[in-house]
Amino acid sequence: MTNEDLIRSHVQAIWLAESGLSLGASLKDLLDLSDSSKLSCLDFVQDSLNSQGNRTKAKLKAHAALSDIESELIQTDWWNEGWLDSVLSQIDLQFNQACERWRNLYRAAMNQLEVQHKIIKDASRSIQDKRQAERLYQEAKSQLELLTEAENIVQSDFYSYRYFASEGFLPGYSFPRLPLSAYIPARRIRSQDDEFLSRPRFLAISEFGPRSIIYHEGSRYIINKVNLPVSDTGEGFAVLRAKQCPICGYLHPISNGDGLDRCERCGSLLEAPMNNVFRLQNVSTKRRDRISSDEEERLRQGYELRTAIRFADHGGVISARNAEIHFQGKLIGKLTYGNSATLWRINLGWRRRANPQQYGFILDTERGYWARKEDDQTTLEADDPMSPRTMRVVPFVEDHKNCLLFEPSEGLELEQMASLQAALKNAIQVEYQLEDSEVAAEPLPSGDERHSILFYESAEGGAGVLRRLVDDPDAFARVAAQALQVCHFDPQTGEDLRHAPNAKEDCEAACYDCLMSYYNQMDHRHLDRQTIKEYLLQCSQSTSTSSPQTISRAEHCQHLLNLCQSDLEREWLTFIEKSNLRLPSHAQLLLETCHTRPDFFYEQEHAAIYVDGPHHIYPERQQRDQTQKDCMEDTGYTVIRFDLFESWGKVIEKYPSVFGLLGS
Ligand SMILES: [Zn+2]
Ligand SMILES: [Zn+2]
């Protein structure tokens, strides 16, 4: 159990116990509901979050708990000496982030309450409008009750402790993180059992998609409505615009004008923006006894979904590491890894639709109803009458995942890309002993245009695996060899073994032992293991060179060398480069809080490197060094000093999470 998120949640649970803070029955016991624009923490909660005493007590307890698994922690690539301090210093931030989903639900319900109340009071509106508004008003009231109920808390999704667990702040429950909710109205008026169903966001975009059908306790419900989000100004309807790179799939949200002309990541020309992109939040359903055969067929074919990626950026610079894969001196592929990159999953429309060029669904922007047919705005459904205010919108959900992009250097055929995607996904799972659901793989920019393969860690437990493929110079070759084996080839000779060891029948193109799985049914017709044998053989004999930036290792190394201020620093950097260890992300970077400019800096690992010359043996210099070190360590950095050349290897071996493994 050395998943960072999981251990963080355990530390947060220790903090909660030590602080003595009670989370009450629902978040109404924690937040100030008098100002619904803020919904900030009540004073006693905020005091608890800020208390230095609570953090100190929690640190002692957590330190003792973690010491049992320290030998395992050291093996991971996220653990360092400052980790516990940084988790505790972020308690306030994490707690408030965890409250956000509840805040959004609460605000949306309050908004619905106000908007419908206005319609009820508006003398100019028709009787029908008012009746409808009355119904929506009651629905909002009912949702608010669910969010704030104090009775029957054990059953409630919004019982504070369960809620904080489902948001990942507390451990111990296997609730999906950051889910979306669907409101299921009570079946009979007399039985007060309205409910919310939850789904992880990436499933919700289709399962809770416009006019999708869900089954719950033997009944069928149609997603007929969204709980409208409130725009920043509190008025109007919130939609976004974005461009997706047609070559690499990179996402560019647009904040003003028509946005960029070229892709920030690969420089390709961008096309016209996607307008009216709509963040799908929580939805409502109503019971539906029958569906037509036409609807049934449309549901069976499902939606056209697309994924777009955006790496985190720091001050306009894309924060991602890359590795180049070489075979006999030739570049054959590129890997790019980013921690908690932003992923959008976009629902472009039904697969079966009148005009494939037209994206999105018609939404009633006042009442939140989805139009019954995407190409017919006027169709009225008996009790979901649309208001005149409608808009065609493209729903999406957002999540943050650790992501790896793989781009072969030479364009491969669609069949090869589809087969490679399945082979590498399965190989990663075998190599790192993961379940089928723990790593997800998708083509970018789309299923028809496959230029690269996106892998992301879809479940807890896979943390850190994808990053190893970039950081460990042998990892990709090992995974490729594993992929050959998955595809029934001898990884050394390439000989076709025809089937999996225990299988009786031969496998021609693909079978459930190699490339096919429940998750890639849409790809089954493209899969052919024979088409990727040669490429995988090259990959299995490749070497990879990594760089902590988006530029290549050679370019990055030259950039660092240019910044070096002494021969000793250059010598150290050359040593790291020649040993194929991880390169620092920066040289001579000023860390203002401690007034120091370490020789090198590893940004992601929070490690500062000093390569000391002979003058560091003077006592007053040592004193200054120590003061700096204390300050850095208090701020959460790891300070690593290199003195005599003979001991460099020893120092490096002490910090595998920073440098990687020597001699690998
Ligand atoms: Zn691009
Ligand atoms: Zn097979």
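**Exercise 1. Find how strand 1 and strand 8 pair in this predicted model: parallel or antiparallel, and over how many bridges?**

Solution. Start with the ranges: strand 1 covers residues 179-184, and strand 8 covers residues 283-287. Between these two strands there are two bridges, and the pairing is parallel. To place the register, take alanine 182, whose bridge partner in strand 8 is valine 283.

**Exercise 2. Work out the strand order of the open five-stranded sheet, and say which strands stand at its edges.**

Solution. Reading across the sheet, the order is 2-1-8-4-3, and the pairing is mixed. Strand 2 (195-200) and strand 3 (213-216) each have a single partner strand, so each has one side without a neighbour in the sheet; these are the edges. Going from one strand to the next, the twist averages 35°. As a reminder, strands in a sheet pair through backbone hydrogen bonds, in either a parallel or an antiparallel way.

**Exercise 3. Describe the hairpin of strand 5 and strand 6, and find which glycine in it takes a positive phi.**

Solution. First the pairing: strand 5 (residues 240-244) and strand 6 (residues 251-254) run antiparallel and are joined by four bridges. Next, one pair to look for in your viewer: glutamine 244 has leucine 251 of strand 6 as its bridge partner. Finally the turn: six residues lie between the strands, and glycine 249 has a positive phi near 80°.

**Exercise 4. Locate the largest nonpolar core: which residues touch the most other members, and where does the core lie relative to domain 1 and domain 2?**

Solution. The core holds 126 residues, and those touching the most other members are Ala423, Phe455 and Ala483. Helix 6 (residues 91-121) supplies the largest share, nine residues. Domain 1 (4-147 + 163-169) and domain 2 (240-281 + 302-540) both contribute residues, so the core lies between them. Now zoom in on alanine 483: leaving aside residues up to four places away in sequence, its contacts are Ala423, Leu424, Ala427 and Leu536. Another core lies apart from this one; it has 24 residues, including Phe600, Tyr602, Val658 and Phe659. For background, nonpolar side chains tend to be buried together in soluble globular proteins.

**Exercise 5. Step back to the whole chain: how many helices and strands are there, and what percentage of residues is buried?**

Solution. Count the elements: 19 helices and 22 strands. Then take the burial: of 664 residues, 39% are buried. To finish, look at the contacts between residues at least 6 apart in sequence: 66% of them join residues at least 24 apart.

Conventions: Residues are numbered from 1 along each chain as its sequence is written. Chains are lettered from A and ligands numbered from 1 in the order in which they are written. This is a predicted model: local features need pLDDT of at least 70, side-chain atom pairs count only at pLDDT 80 or more; totals for chains, interfaces and linings use all residues. A residue is buried if 20 or more other C-beta atoms lie within 10 Å of its own, exposed if 12 or fewer, and partly exposed in between; C-beta atoms are placed from the backbone. Two residues are in contact if their C-beta atoms, placed from the backbone, lie within 7 Å. Two strands pair if DSSP finds at least two bridges between them. Axes are lines fitted to C-alpha atoms, for helices over the stretch in contact, and angles run from 0 to 180 degrees between N-to-C directions. A nonpolar core is a set of buried Ala, Val, Leu, Ile, Met, Phe, Trp, Tyr and Cys residues joined through C-beta atoms within 7 Å. Domain bounds come from an automatic or database domain assignment.
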